[in-house]
Structures are given as structure tokens and as C-alpha cells.
Amino acid sequence: MKKTDQLSAISTALDKIAHALQTMAGNAEATVRIEDGINAYLWDGADHILRPVHSVNRIPLALLEGVAHLRDILLENTLAFARGHGANNALLWGARGMGKSSMVKAIHGHIETLEKSGLSRLILIEIAREDIATLPILLRFLVDRPERFIIYCDDLSFDRDESSYKALKSVLDGGLEGRPANTLFYATSNRRHLMPRDMIENERSTAINPSEAVEEKVSLSDRFGLWLGFHNCDQDTYLAMVRNYVAHFGIEVGEDELRALAIEWSATRGSRSGRVAIQFVRHLAGIKGKSIS
């Protein structure tokens with residue numbers, strides 16, 4: 001076991017011991033802590049612990065081909081927030097595999113590389129959809145911290161009879177406590193309104209007052225000041241993504257061969273997206289005897 005892994009295991013064990021002791025004392029939130037030099041965490045809603053992420057799974061921002069206009073909007077919003085200026089919660093919605101979650105992580109990583117003048121320390125915290133109900137607990141810890149926090153939920157959506165969305169709705173806008181000034185909430189979803197269309201139509205058709213029946217859930221998405229829509233890409237954009245990855249990883253391949261193989265790959269997958277492009281490039285790297293991460 002590597003020394004860093006050993007230290008991480010020891011840290012996790014100590015966190016659990018501290019949590020147990022604090023729970024017995026009636027103050028479980030005191031176990032949450034921010035470590036020096038670690039700017040990414042996973043929120044454990046069951047134990048109320050921030051688990052440090054020593055190596056974030058992300059790609060360079062420049063590799064996000066085909067979504068440059070969306071990238072620039074979210075980057076501008078995030079930089080404004082890191083500078084202590086006005087910024088909006090953001091909902092990145094739309095087609096699968098088009099780089100929604102990759103964009104959030106890539107922008108955070110990009111900002112880490114910038115000159116720190118005028119920028120606060122920016123920390124990315126990922127929260128699972130299942131832990132949304134514990135979001136207010138996390139925010140109560142963060143409110144007095146000097147850092148600034150992007151709280152990020154990947155693949156956010158709510159199904160029938162779920163009520164945890166109410167905690168998020170209250171935090172985003174309108175609750176008594178509200179959202180602390182040093183936090184933003186970014187979410188990705190395949191659904192624009194965070195709930196299935198058949199649920200919306202069903203509730204409208206069966207409710208005494210159809211518009212009010214769905215207003216509470218649909219209005220959740222309205223709490224995000226910034227909506228960024230990701231759509232399926234055309235063949236030219238897909239090929240541009242492939243070329244970008246090939247150049248980045250230094251894979252030697254002729255243009256005609258690359259084009260033919262890439263189009264064949266997308267045809268077998270039945271779709272074109274950034275995810276399909278990187279999967280193809282990993283396949284191509286294997287054919288060419290090239291190791292890529």
C-alpha cells in the first residue's frame with residue numbers, strides 16, 4: 001500500500017472515531033473538516049464527513065470540444081464566484097455523454113492552475129443525489145469558512161413520491177437559512193425539469209388543480225439562475241472531438257484511417273458524443289500500442 005493510501009485510510013478511520021464520539025456528545029457536525037492542499041471532497045451524508053479526493057478524475061478544459069460556448073459561460077460564472085462577485089447556481093442538462101460532469105470538474109481544475117491574485121481558494125464538493133436531504137447540514141458547516149465552495153451533484157433527478165428535492169429547493173432560494181454566500185450549487189441532469197415528463201403529464205391529468213400539482217417540483221429547476229443545454233452533436237463535431245483527443249494523446253494515425261474508424265465506431269454505438277469519442281480514442285490507442293490515461 002502506498003504511503004498516501006495509508007495516510008488516507010488512517011485519516012478515514014480517525015474521522016469515523018471522531019464522528020462516533022461527537023455523535024455521543026450530540027455534535028456530529030464537528031467532524032467535518034477541510035484539509036490543507038486538498039480542494040476536492042466527497043460528502044458522506046450518512047456519517048456527515050467530507051472525504052478528501054487526492055486525485056480528481058478529470059480532463060483538461062481544452063479537450064472539451066464542441067461545447068466551447070457553454071464552457072465559456074460556466075467558466076465566467078465560476079471565476080466571478082471565486083473572485084467574490086455575483087454568480088448563479090447552474091443546471092447543466094441535456095444529452096448523455098456530452099461533457100456535463102466533465103465540464104464542472106475541468107473548470108475547477110483549470111481555476112486551480114490560475115494565478116491566485118484576486119481568487120479565493122475554490123473547493124469542489126460532490127454530493128450524491130441520495131444525500132441531498134443532508135445538504136442543509138453540510139451548508140451549516142461551510143457558512144463560516146473563508147473558502148468558497150462549489151457543491152456539485154451529478155445526474156440529479158427526482159422520481160415519483162420523492163420529497164428530498166424540498167431540501168434543495170429551500171437551499172437554492174426562499175428558505176429561511178438560504179444558501180450561504182460562499183457556496184454555489186452545480187448540478188447535471190438528463191432532465192430539464194429534474195423530473196420525468198410522464199410524471200408531469202400524469203399529475204396534470206389527475207390533480208384537482210393541475211398547474212399547482214406540478215408547480216412545486218417543476219419550479220425547482222427555476223431556482224437555478226444559469227441553465228446550460230447540451231445537445232447531441234453532429235458528425236463534424238464528433239470528428240473534431242476525436243481529432244482533439246488524438247492530438248492530445250499523441251496518437252499517430254492518418255486522417256483517412258482516423259475518419260473511417262471513428263465513423264464506424266459511432267455507427268456501432270448508435271450515437272455520437274464526447275463520451276463515444278473518448279471511448280473510441282482509447283480503443284484506437286490500444287490498436288496503435290499507445291498507453292493513455
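# Strand pairing, burial and the largest pocket in a predicted model

User: Which residue is the bridge partner of Ile-125 in E5?

Analyst: The partner of Ile-125 in E5 is Ile-151. This is a predicted model, in which local features need pLDDT of at least 70 and side-chain atom pairs count only at pLDDT 80 or more, while totals for chains, interfaces and linings use all residues. Residues are numbered from 1 along each chain as its sequence is written, and side-chain values use heavy atoms, with hydrogens and water left out.

User: What makes strand E4 and strand E5 a pair?

Analyst: Two strands pair if DSSP finds at least two bridges between them. Strand E4 (residues 122-127) and strand E5 (residues 148-153) are joined by 5 bridges and run parallel, so they meet the definition. E5 also pairs with E6 in the parallel sense, over 5 bridges, and there Ile-150 has Leu-184 as its partner. E3 and E6 are likewise parallel, with 4 bridges; Leu-92 is matched with Thr-188 of E6.

User: What makes the pairing of the sheet mixed, and in what order do its strands stand?

Analyst: The open sheet has 7 strands in the order E2-E1-E4-E5-E6-E3-E7, and its pairing is mixed. E4 and E5 run parallel, whereas E1 and E2 pair in the antiparallel sense over 4 bridges. Within the latter pair, Leu-42 stands opposite Arg-51 of E2.

User: Why are E2 and E7 said to stand at the edges?

Analyst: Strand E2 (49-52) and strand E7 (226-230) each have a single partner strand, so one side of each is left without a neighbour in the sheet. Neighbouring strands of this sheet are turned by 25 degrees against each other on average, direction ignored.

User: How do you know what counts as a helix or a strand in this chain of 10 helices and 7 strands?

Analyst: Both are DSSP runs numbered from the N terminus: helices are H or I runs of at least four residues, and strands are E runs of at least two. By that rule the chain comes to 10 helices and 7 strands.

User: How are H2 and H4 placed against the strands?

Analyst: Helix H2 (residues 68-82) lies across strand E3 (90-94), E4, E5, strand E6 (183-189) and E7, at about 150 degrees to E7. Helix H4 (residues 135-142) lies across strand E1 (40-44), E2, E4, E5 and E6, at about 165 degrees to E5. Axes are lines fitted to C-alpha atoms, for helices over the stretch in contact (heavy atoms within 4.5 Å). Angles run from 0 to 180 degrees between N-to-C directions.

User: Why is E6 called largely enclosed?

Analyst: A residue is buried under 20% relative accessible area, exposed over 50% and partly exposed in between (1.4 Å probe, protein chains only). In E6, 7 of the 7 residues are buried, so the strand is largely enclosed by the rest of the structure. Thr-183, Phe-185, Ala-187 and Ser-189 point one way, and Leu-184, Tyr-186 and Thr-188 the other. Helix H5 (residues 165-172) has 6 of its 8 residues buried, so it too is largely enclosed; among them are Tyr-165, Lys-169 and Leu-172. Over the 293 residues of the chain, 46% count as buried.

User: What makes His-48 buried, and what is its phi?

Analyst: The relative accessibility of His-48 is 16%, so His-48 counts as buried. Its phi is positive, about 55 degrees, although His-48 is not a glycine. Most residues other than glycine have a negative phi. His-48 lies in the loop between E1 and E2, as does Gly-45. At 6% relative accessibility, Gly-45 is buried, and Gly-45 touches Asp-131 and Thr-134, residues up to four places away in sequence not being counted.

User: Is Asp-155 buried or partly exposed?

Analyst: Asp-155 has 44% relative accessibility and therefore counts as partly exposed. Asp-155 sits in the loop between E5 and H5 and has a positive phi of about 60 degrees without being a glycine.

User: Which residues are the closest to the centre of the largest pocket?

Analyst: The largest pocket has a volume of about 770 Å³. Of its 31 lining residues, Ile-59, Ser-101, Ser-102, Lys-105 and Ile-278 are the closest to its centre. On a 1 Å grid over the protein atoms alone, a pocket is an open set of points where a 1.4 Å probe fits, with protein on both sides within 12 Å along at least five of seven lines; lining residues have an atom within 4 Å of a point. Grid points are joined across faces, edges and corners, and the volume is the space filled by probe spheres set on the points. H10 gives the most to the lining, with 5 residues.
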